[in-house]
Amino acid sequence: MASPRGGNVRVAVVGSGPAGIYTAEALVKQAAEPVEVDVIERLPTPYGLVRYGVAPDHTSIKSIANYLRRVLELPQVRFLGGLTLGEELSVADLLGSYDAVVYCTGAMVDRHMGIPGEDLPGSVAATDFVNWYCGHPDVSPDRFTLDSPEVAVIGVGNVAVDVVRILAKTAEELSSTDVPHEVLERLAGSQVKAIHMIGRRGAQHAKFTLKELRELGELANADVCVRPEEAVVLGGDFPRQIRGNIDVLQSWAARPPQGRPRRLDVRFWMKPVEILGEERVEGLRLERTRLSEDGRVVGTGEFETLPVGMVLRSVGYQSVPLPGVPFDESTMTVPNQAGRVRDREYVAGWLKRGPTGVIGTNKSDATETVRTLLADLSDRPPVRLTPIDELLAGRGVRPIGYHDWRRIEDAEAELARTLGRGERVKLVGLQAMLDACGRPDSR
Ligand code: NAP
């Protein structure tokens, strides 16, 4: 591949989660010519869902950040935080400063169920709750009080399992994690006694993975209960993972509760039909379901109401459109062919294929997009580019650099030491992060 201008090829990657950083790595590894990659991020902190989505007690998955860090430290790669597409920068700015742009902003919001009561106070997107315990600066630590003895979590995917596990654990169990201290204090004051995890289909259809499911059975503070009649599965020819899930669920159905302080009820064949309440959530009405002959989930007309004060909707994430970037509202992704969106614009990760797969899936996904990008660049005419630093300086915008971010990390390690907790404790709020990197006047 020859650079269109004869110099280094410059690429902007928008988003510094796994998809963005794997894309930066693939650019450095796959390009035949020297390449410069700027990873542009709206927050002062990199790693996206690895920092703000992976559960704090999943330390081995969190350690993927160490791998991503090595990519950001490559001499060909820069981190430019505090820059939001559509605010400090537009698509036109990026195309005027880079040979190509790759959008990797993931899937940041929750899907809706479309049932009455979904907007009542106390009905909450799992994404909000996850952001809360992960210390995302968009969600204040006082967002949740956990004052309801009963809580429902709708959905049986891995996010639901994360949310349930955090609700079921004691604050002591989470003390060595990076959960913000204010959040840990709220978890310590939790009144939650019963957690209901609701699957609208059967055990064989659940989306959680076996390893994550098994962890629920190891909770020291909660009994996991499954109703034998709901764990019955007809037929026997299931893939290994699903067979494993069914076996675990059926073993739980056969064991009596141990008298632990909290109780997790894993329910199947129950479809949420209404979230009840006047001023705030007071209950969740469910309808028992079955599969119709053509494989659809249909109601049986048999109803049950759970007396819950909070409903966490964990029914999947979805991407949001980026200003000036094509978006398909039916798939909630950016339309692309092998990662190509339009001339010099590309996409990778959940924004490209939807919110599926594990973190590592984004690596092969990024490889495909970068292959397309490099092939396109090799035979396109030169583009006159304005250096991005010049453009930002002209607007009085100073991005958060990698070394600024490292100062935030140092402050988090220092906070953990002061509190006598683990390796790091997340700082709360954007201002605290900006203060830590000596940028109190930035926003
Ligand atoms: P998911 O795996 O797609 O699960 C969504 C769940 O919501 C499914 O059980 C689905 O049931 C249910 N659902 C959807 N619409 C519903 C409705 N209207 N009413 C009731 N239930 C509804 O999504 P996710 O849990 O958000 O996870 C997203 C991705 O991140 C997945 O690839 C997941 O594996 C990954 N992840 C991985 C980890 C990990 O590896 N530890 C942790 C967190 C997330 P149906 O099947 O019936 O549609």
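Is Tyr22 buried or exposed? Tyr22 counts as buried because its relative accessibility is 7%, where buried means under 20% relative accessible area, exposed over 50% and partly exposed in between (1.4 Å probe, protein chains only). These views show a predicted model, in which local features need pLDDT of at least 70, side-chain atom pairs count only at pLDDT 80 or more, and totals for chains, interfaces and linings use all residues. Residues are numbered from 1 along each chain as its sequence is written, and side-chain values use heavy atoms, with hydrogens and water left out.

**View 1. Polar contacts of the ligand.** Here we meet Asn158, with a side-chain N or O atom 3.1 Å from a ligand oxygen, and Arg200, where the corresponding distance is 2.7 Å. A polar contact is a pair of N or O atoms within 3.5 Å; within protein, one must be able to donate a hydrogen and the other to accept it, and residues adjacent in sequence count only if both atoms are side-chain atoms.

**View 2. Tyr22 and Tyr67, a tilted aromatic pair.** Their ring centres lie 6.1 Å apart, with 55° between the planes. Rings of Phe, Tyr and Trp (its six-membered ring) pair if their centres lie within 6.5 Å; planes under 30 degrees apart count as stacked, over 60 as edge-to-face and the rest as tilted. Tyr67 counts as partly exposed because its relative accessibility is 26%.

**View 3. Phe129 and Phe144, an edge-to-face pair.** Now the centres are 5.0 Å apart and the planes meet at 80°. Phe129 is buried at 0% relative accessibility, and Phe144 is buried at 3%. Together with Trp132 and Tyr133, these two form one aromatic cluster.
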